[in-house]
Amino acid sequence: MSKFTIHTLESAPEDSKEFVEKSFKANGRVPGLHGVMAESPSLLEAYQVVHKLFMDSSFDAEELTVVWQTINVEHECTYCVPAHTGIANMMKVDPALTEALRNRELMPTPKLQALHDTTLALTRKRGHLSEEEIQNFYDAGYGNRQILEIILGLSQKVMSNYTNHLAETPVDKVFEKFAWSPKG
């Protein structure tokens, strides 16, 4: 049983209130993850900053989704997989791509497959990629900027996935219809 509080606008620690309010303004609600993170103002602020930086990276909506969901699925985050399924829908990402990611299936294009493979390798190998893995990424049309931006996305997902594991954050009502289990 989780001993973490999912804070609201009213219950958030004073030092977190501005970040919880920012979250409320952006989402029309306080997502459960943000409510949990509010216990640590530094974590919630860092998460919001890293999220914005990753959104502003060179990746398009499909590529952002590939990075996020590859990591979410690998980390078996039952909060983030449904949330990013809903977010992908809002970003007009083809549902077939999202389903392929949720089900560990092949990507629809070689370029997205290279992004998926590289993201998965970075996650599993903690950044220790072989020359061949890096070259395959470059051959798909990506460069140094994008491999570093995967690390940015991975940083964001470590913050959220690990928080959700510890807190056992329940899926937000708005994303319940996208429920996911690592067992299929």
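User: Which helices are among what covers the buried residues of helix 1?

Analyst: Helix 2 (32-37) and helix 3 (41-55) are included in that cover. The structure is a predicted model, in which local features need pLDDT of at least 70 and side-chain atom pairs count only at pLDDT 80 or more, while totals for chains, interfaces and linings use all residues. Residues are numbered from 1 along each chain as its sequence is written, and side-chain values use heavy atoms, with hydrogens and water left out. Helices here are DSSP runs (H or I, at least four residues), numbered from the N terminus.

User: Why are the buried residues of helix 1 said to line one face?

Analyst: The buried residues in helix 1 (residues 17-27) include Lys17, Phe19, Val20 and Ser23, where buried means under 20% relative accessible area, exposed over 50% and partly exposed in between (1.4 Å probe, protein chains only). Seen down the helix axis, the buried residues fall within an arc of 165°, so they line one face of helix 1; the arc is taken over the directions from the helix axis to the C-beta atoms. The face turned away from that buried side carries the exposed residues Glu18, Lys25 and Ala26.

User: What makes helix 5 mostly covered?

Analyst: Eight of the eleven residues of helix 5 (residues 80-90) are buried, namely Cys80, Val81, Pro82, Ala83, His84, Thr85, Gly86 and Ala88. Their cover includes helix 4, helix 6 and helix 9.

User: Why do Cys77 and Cys80 not count as a disulfide?

Analyst: A disulfide is a pair of cysteine sulfur atoms within 2.5 Å, whereas the sulfur of Cys77 is 3.6 Å from the closest cysteine sulfur, in Cys80, and is therefore too far for a bond. By this rule, the count comes to zero disulfides. As for burial, Cys77 has a relative accessible area of 1% and is therefore called buried, and Cys80 also counts as buried, at 2% relative accessibility.

User: What makes a group of residues a nonpolar core, and how many residues does the largest one have?

Analyst: A nonpolar core is a set of buried Ala, Val, Leu, Ile, Met, Phe, Trp, Tyr and Cys residues joined through side-chain atoms within 4.5 Å. The largest such core has 23 residues, and those with the most contacts inside it are Phe59, Val66, Val67, Leu97, Met107, Leu115 and Ile150. Helix 4 (61-74), helix 6 (95-102), helix 7 (110-125) and helix 9 (144-167) each supply at least two residues of this core, and helix 4 gives the most, with five residues. A second, separate core of 16 residues includes Phe19, Tyr47, Val50 and Tyr79.

User: How is the packing of helix 4 and helix 7 described?

Analyst: Two packed helices are described by the angle between their axes and the distance between the axes. Helix 4 and helix 7 pack at an angle of about 35°, with their axes 9 Å apart; axes are lines fitted to C-alpha atoms, for helices over the stretch in contact, and angles run from 0 to 180 degrees between N-to-C directions. Among the residues that meet are Val66, Val67 and Ile71 in helix 4 and Leu112, Leu115 and Leu120 in helix 7, contact meaning heavy atoms within 4.5 Å.

User: What sets Glu76 and Arg126 apart in their backbone, and are they buried or exposed?

Analyst: Most residues other than glycine have a negative phi. Phi of Glu76 is near 55°, a positive value in a residue other than glycine, and phi of Arg126 is near 55°, also positive in a residue other than glycine. Glu76 lies in the loop between helix 4 and helix 5 and, with a relative accessible area of 41%, is called partly exposed. Arg126 sits in the loop between helix 7 and helix 8 (131-139) and counts as exposed at 72% relative accessibility.

User: Why is Gln146 called buried or exposed, and which residues is Gln146 in contact with?

Analyst: Gln146, found in helix 9, has a relative accessible area of 16% and is therefore called buried. Leaving aside neighbours within four places in sequence, Gln146 is in contact with Ser58, Phe59 and Phe137. The C-alpha atoms of Gln146 and Ser58 are separated by 7.1 Å, although these residues are 88 residues apart along the chain.
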